[in-house]
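Ready for some practice at the bench-side screen? Please open the structure viewer and keep the sequence beside it.

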Amino acid sequence: MTQSDAPRSGDDLPVLHTLRCGGYAGVARVAAATGLDEAAVESELIDLAVDGLVTRLAGPFGGWGLTDAGRAADAERVTRELDSAGARPVVAAAYGDFLVLNPELLDLCAAWQLRSLDGVAVANDHGDPAYDARVLDRFAGLHERAEAVCADLAAALPRFGRYRVRLAGALDRARGGELEYVADSTASYHTVWAELHEDLLATLGIPR
Amino acid sequence: MRWVRPLTARLDETEEALGAKAHGLVALHRLGLPVPPGFVVTTDACRAFLDGGRLPDGLREELAAAMGGLEAATGRRFGGARTPLAVSVRSGARVSMPGMMSTVLNLGLTAEATAGLAAETGDARFAVDSRLRFLSTLAAALSGTGAADASTGPGTAAGRGADDEEARLAGAIAEFERAAGRRGGRAVPDDAAGQLELAVEAVFSSWDTPRARAYREIHGIGHDLGTAVVVQAMVFGNRDDRSGTGVAFSRDPNTGEDTPFGDVLFGCQGEDVVSGRTPVLPLRELGSREAVVWGALVDALDRVEGHYRDACYVEFTFQAGELWLLQARPGRFVGAAAVRVAVDLADEHVITREEALLRVSPRQLRHARTPRIADPARADVLARGTGACPGVAVGRIATTTEAAVRMAADGPVVLARPETSPDDMRGLAAAAGIVTARGGAASHAAVVARSMGKPAVVGVTGLVVDSAGASISVGGRTIGEGAFVTVDGTGGQVALGSPPVVTDGSDAHPRRLLAWADDVSGDRSDRDEVQRLGAAHAVLRRERPD
């Protein structure tokens, strides 16, 4: 991939990799995920599109996404980044820790969405603040342990630091009453968590 | 004995002390039904373990004594080189919860005992297969992941005998021994008594995993309840082709219809059914292949139902054509099925009409109106899985996110995927309904489906999504992209075409129940159904406070 040797701002890999881990997204979502401003993201996306690594689909479910070449380029570059930083053992260990937390996170999302009342699993209508507070407390407890995993990852590869910011931000907003930040919005705790999961698989080259 | 109780018809202690599983087994004993001999370690012992951080004084001796009792009852030797006794070790709290270790099978199959079992049965592959299952379930228990992953293990008793297969099994055993040792922080002892102590500790420890703690806090269950441990002589569902395992309801949990319903697997052990790794057969297959087992099972369901005075659920294993029951509990039906069972039981004079009314909560009645496939038994059901988001979706099958987005422009789409990842978010957004092969009710696909309010069935065992070939296959059938399917996210069915869908508001059973409600309340004015039922409940609760 000769393009990857061209001089660049250094922001192209975060943009490319955000699409790899999060799937199709608009400029605003990529900006929120990377922490870059929207103009910079758009500029990177256009350059990446010129290189044939990303493409933009129109329509109601459209957005920017990777081409097959973009997927291959991303895999090559994150692997190179991982190995040149000597970070593989740390990331592999953190992935093991993540897998311990993952079922608990998914349980909590399920408990947030469904309640068992009179033996019937019904949608949580969020009319019982005490129940919601119990679940969010558990999210906070889980988050403390997730923070430790993210800190290990960020120490080895700084780009993983974004997940600390994004997960903490989602939890803060959820606890502040914006309930869609638990499992509904594209910036929800669950969404960011799923992207972190995908990132660990992509970074370590583990197929799904 | 202080910590251990033999499981017999005479055992008379609370569900708090024995756990739900042992309590159900005692009920089965009292009904005279076939239950493998066993004993229970009480929740008291669990609390003592959690307080002290080690098995309480005297428990080791009691385990050894109880094992001696099992040896006498079975005429076999625990860890013996000849006629070895193997046991199952299962957790059994008063409430079951995710994240808790569930089952270790075939415990006691040391290397020596495995050789003994091979010599006794003349079937080395069966013996080695059984040892592999022991190590894989123990490894899972020690790692605290709850579910065993014996994916390297053999599927069924069919196709046995190949030498390279035995070599592969030996390799898998070595791998699981290492994994169990690594996860447990120490080597797996090759003596049966040591293995039993390790497994009991694993069950007790699993009570305190973060997942289990989180579940209890959310659901208001006390941390001090503790779990019991049920230890029973193994019945081998993987013994031969006339052996197997299954789960059964006395009535259809989807509709409440009075016909046995469940899954069966031939040549397999219990975890294979629950884990969903192996495609299961409908329960009625048992009737055609093992008539005697079937007859005994139908009789057992009848008696257990009589005991609970309610639809019931049992887990069973059969070895060489002989039925054994491993667990029983009330069926806990929901929605329309709960309404129908209550009405039918009243008509059968098993319960009174007043009891029928009290068994259906207003929430159940409301739940009964969730759209469902009207009659799954008569629909062309392609596959079954776990209903993850209630409701019915009808649409054309798409096997990739790209296809789902493209096809959604022309009408509703059902997205079928092996599992989902963030990459599938566009497809999930474009689809009307979702089907996945892997994952449970808390998988990524399930969480996203609920956040979008889309009917979903997840964990469809045996579903293969062939994106390149634009088709799915399941249960021996292949369905091309674009075919119409119906997804019932309550019952967990995926049916071909568009079978009739009901909301049950006008169904005969709710109508009858509500007529009884009006008889009780004496109020026949025009009100909604929940009010009619609520008025009857108010009168009944006044008359018989409990």
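The exercises below walk through a predicted model, each with a worked solution.

**Exercise 1. Find out how confident the predictor is in each chain, and which stretches call for care.**

Step 1. Begin with the overall scores: ipTM is 0.85 and pTM is 0.83.

Step 2. Take chain A, where the mean pLDDT is 92 and 95% of the residues reach 70 or more. Residues 1-7 of chain A stay under 50, and the model has five contacts for them beyond four places in sequence.

Step 3. Turn to chain B, with a mean pLDDT of 89 and 91% of its residues at 70 or more. Here the pLDDT is below 50 over residues 146-162, a stretch that has 35 contacts in the model beyond near neighbours in sequence.

Step 4. Decide how to read such stretches: where pLDDT is low, the predicted coordinates should not be read in detail.

**Exercise 2. Work out whether A:Gly86 and B:Met101 are buried or exposed.**

Step 1. Locate the two residues. A:Gly86 is in the loop between helix H4 (68-84) and H5 of chain A. B:Met101 is also in a loop, between strand E5 (87-93) and strand E6 (103-107) of chain B.

Step 2. Count neighbours around A:Gly86. There are 9 other C-beta atoms within 10 Å, so A:Gly86 is exposed; the cut-off for that class is 12 or fewer.

Step 3. Do the count for B:Met101. There are 30 other C-beta atoms within 10 Å, so B:Met101 is buried; that class needs 20 or more.

Step 4. Add a distance for each. The C-alpha atoms of A:Gly86 and A:Leu13 are separated by 18 Å, with their positions 73 residues apart along the chain. For B:Met101 and B:Glu61, 40 residues apart along the chain, the C-alpha separation is 24 Å.

**Exercise 3. Describe the side of chain A that touches chain B, and a helix of chain B that packs against chain A.**

Step 1. Size up the contact: chain A gives 31 residues and chain B gives 31 residues.

Step 2. Ask which element of chain A gives the most. The answer is H5(A), with nine residues. Other elements that give two or more include helix H1 (12-22), helix H6 (129-156) and helix H9 (189-204) of chain A.

Step 3. Sort the residues on this side of chain A by type: 16 are nonpolar, six polar and nine charged.

Step 4. Cross over to helix H8 (residues 210-219) of chain B, whose buried residues include B:Arg211, B:Tyr215 and B:Ile218. The buried residues of H8(B) pack against H5 and H6 of chain A, together with helix H7 (192-206) of chain B. Just after H8(B), B:Gly220 takes a positive phi of about 65°.

**Exercise 4. Trace the partners of strand E2 (residues 38-41) of chain B.**

Step 1. Recall the rule that in a regular strand the side chains alternate between the two faces of the sheet.

Step 2. Apply it to E2(B): B:Gly38 and B:Val40 point one way, B:Phe39 and B:Val41 the other, and all are buried.

Step 3. Take one neighbour, strand E1 (residues 4-6) of chain B, which runs antiparallel to E2(B) and is joined to it by three bridges. In this pair, B:Pro6 has B:Phe39 as its bridge partner.

Step 4. Take another neighbour, strand E7 (residues 227-233) of chain B, which pairs with E2(B) in the antiparallel sense over four bridges. Here B:Gly38 is partnered by B:Gln232.

**Exercise 5. Lay out the eight-stranded sheet of chain B and connect it to the largest nonpolar core.**

Step 1. Write the strand order: E14-E24-E23-E16-E17-E18-E19-E15, an open sheet with mixed pairing. Its edge strands are E14 (381-384) and E15 (386-389) of chain B, and the twist averages 30° from one strand to the next.

Step 2. Zoom in on E16 (residues 392-398) and E17 (residues 413-417) of chain B, a parallel pair with three bridges. B:Ile397 stands opposite B:Val414 of E17(B).

Step 3. Add helix H17 (residues 444-452) of chain B, which packs on the sheet and touches E15, E18 (433-436) and E19 (456-458) of chain B. The direction of H17(B) makes about 40° with that of E15(B).

Step 4. Look for the core of 202 residues: B:Val414 is among those with the most contacts inside it, as are A:Tyr189, B:Ala199 and B:Ala446. Helix H5 (residues 124-143) of chain B supplies the largest share, eleven residues.

Conventions: Residues numbered from 1 in each chain as written. Chains lettered and ligands numbered in written order. Predicted model: local features only at pLDDT ≥ 70, side-chain atom pairs only at ≥ 80, totals over all residues. Core = buried A, V, L, I, M, F, W, Y, C linked by C-beta atoms within 7 Å. Contact = placed C-beta atoms within 7 Å. Nonpolar A, V, L, I, M, F, W, Y, C, P; charged D, E, K, R; others polar. pLDDT = per-residue confidence, 0-100. Pairing = 2+ DSSP bridges. Axes fitted to C-alpha atoms, helices over the stretch in contact; angles between N-to-C directions.
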